[in-house]
Amino acid sequence: SIVPEKTVTNLFQLKIAPNPFHQETVIHYRLAKEAKVSLIIYDVNGRKVNTLVQEEWQLEGQYQYPLQLSSESGRLFYAVLQTGEEVICQPLILQVN
């Protein structure tokens with residue numbers, strides 16, 4: 001099931017700050033229980049840009065991953081956090097000056 005951004009479920013919570021961002025941001029999430037986690041960044045066309053976590057078992061707790069993106073891949077991205085059957089998809093906006 002797809003869960004709206006920043007929604008707390010039984011399993012996890014996702015936050016990206018800052019967003020919009022210049023070149024670098026941090027993706028934060030909290031797991032309420034141990035889960036197999038994937039955290040993947042996609043561009044607006046659905047192409048995988050970066051894999052931060054690939055089907056890794058993680059214990060209950062808080063996690064954070066720094067993320068650097070360039071405008072060469074676009075300005076709008078999606079962070080997709082998946083644990084088992086639950087998924088959160090949150091947009092990332094890259095500001096270019």
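## A tour of the strands, loops and pocket

Start at Q23, which counts as exposed at 59% relative accessibility; here exposed means over 50% relative accessible area, buried under 20%, and partly exposed in between, with a 1.4 Å probe and protein chains only. You are looking at a predicted model, in which local features need pLDDT of at least 70 and side-chain atom pairs count only at pLDDT 80 or more, while totals for chains, interfaces and linings use all residues. Residues are numbered from 1 along each chain as its sequence is written, and side-chain values use heavy atoms, with hydrogens and water left out.

**Stop 1: the loop around Q23**

Q23 sits in the loop between β2 and β3. Strands are DSSP runs of E with at least two residues, helices are runs of H or I with at least four, and both are numbered from the N terminus. Check the backbone of Q23: its phi is near 65°, a positive value in a residue other than glycine. The hairpin that holds Q23 has six residues between β2 and β3.

Now step back along this loop and select P18 and P20, both found between β2 and β3. What kind of peptide bond joins A17 and P18? The bond is cis, with omega about -5°. N19 and P20 are also joined by a cis peptide bond, and omega there is about 5°. Most residues other than glycine have a negative phi, and most peptide bonds are trans.

**Stop 2: the whole chain**

Zoom out and switch to a cartoon view. The protein chain has eight strands and zero helices, giving the pattern β-β-β-β-β-β-β-β along the sequence. Of its 97 residues, 35% count as buried.

**Stop 3: the three-stranded sheet**

Select β2 (12-17), β3 (24-31) and β6 (61-68). These three strands form an open sheet in the order β2-β3-β6, with antiparallel pairing. β2 and β6 stand at the edges, each with a single partner strand, so one side of each has no neighbour in the sheet. From one strand to the next the twist averages 15°, where axes are lines fitted to C-alpha atoms (for helices over the stretch in contact) and angles run from 0 to 180 degrees between N-to-C directions.

Two strands pair if DSSP finds at least two bridges between them. Six bridges join β2 to β3, and eight join β3 to β6. To follow the first pairing, pick L14 and look across to Y29, its bridge partner in β3. For the second, T25 stands opposite L67 in β6, and L31 stands opposite G61 in β6.

Next, show the side chains of β3. Which of them are buried? T25, I27, Y29 and L31 point to one face and are buried, whereas E24, V26, H28 and R30 point to the other and are not.

**Stop 4: the largest pocket**

Stay with these strands and select Q13, K15, H28, Y29 and R30, the lining residues nearest the centre of the largest pocket. A pocket is an open set of points on a 1 Å grid over the protein atoms alone where a 1.4 Å probe fits, with protein on both sides within 12 Å along at least five of seven lines; lining residues have an atom within 4 Å of a point. The volume is about 170 Å³, taken as the space filled by probe spheres set on the points, which are joined across faces, edges and corners.

Ten residues line this pocket, and β2, β3 and β6 each supply at least two of them. The lining divides into three nonpolar, four polar and three charged residues. In this scheme Ala, Val, Leu, Ile, Met, Phe, Trp, Tyr, Cys and Pro are nonpolar, Asp, Glu, Lys and Arg are charged, and the others, Gly among them, are polar.

**Stop 5: one salt bridge**

Select D43 and R47, whose side chains meet in a salt bridge of 3.0 Å, N to O. A search of the whole structure finds one such contact, defined as a side-chain nitrogen of Lys or Arg within 4 Å of a carboxyl oxygen of Asp or Glu. D43 is buried, with a relative accessible area of 6%.

**Stop 6: E55 and N97**

Move on to E55 in strand β5 (residues 48-58). Phi of E55 is near 45°, a positive value in a residue other than glycine, and E55 counts as partly exposed at 48% relative accessibility.

Finish at N97, in the segment after β8 (86-93). Is N97 buried or exposed? With a relative accessible area of 85%, N97 is exposed. Draw a distance from its C-alpha atom to that of H22: the two are separated by 8.5 Å, although they lie 75 residues apart along the chain.
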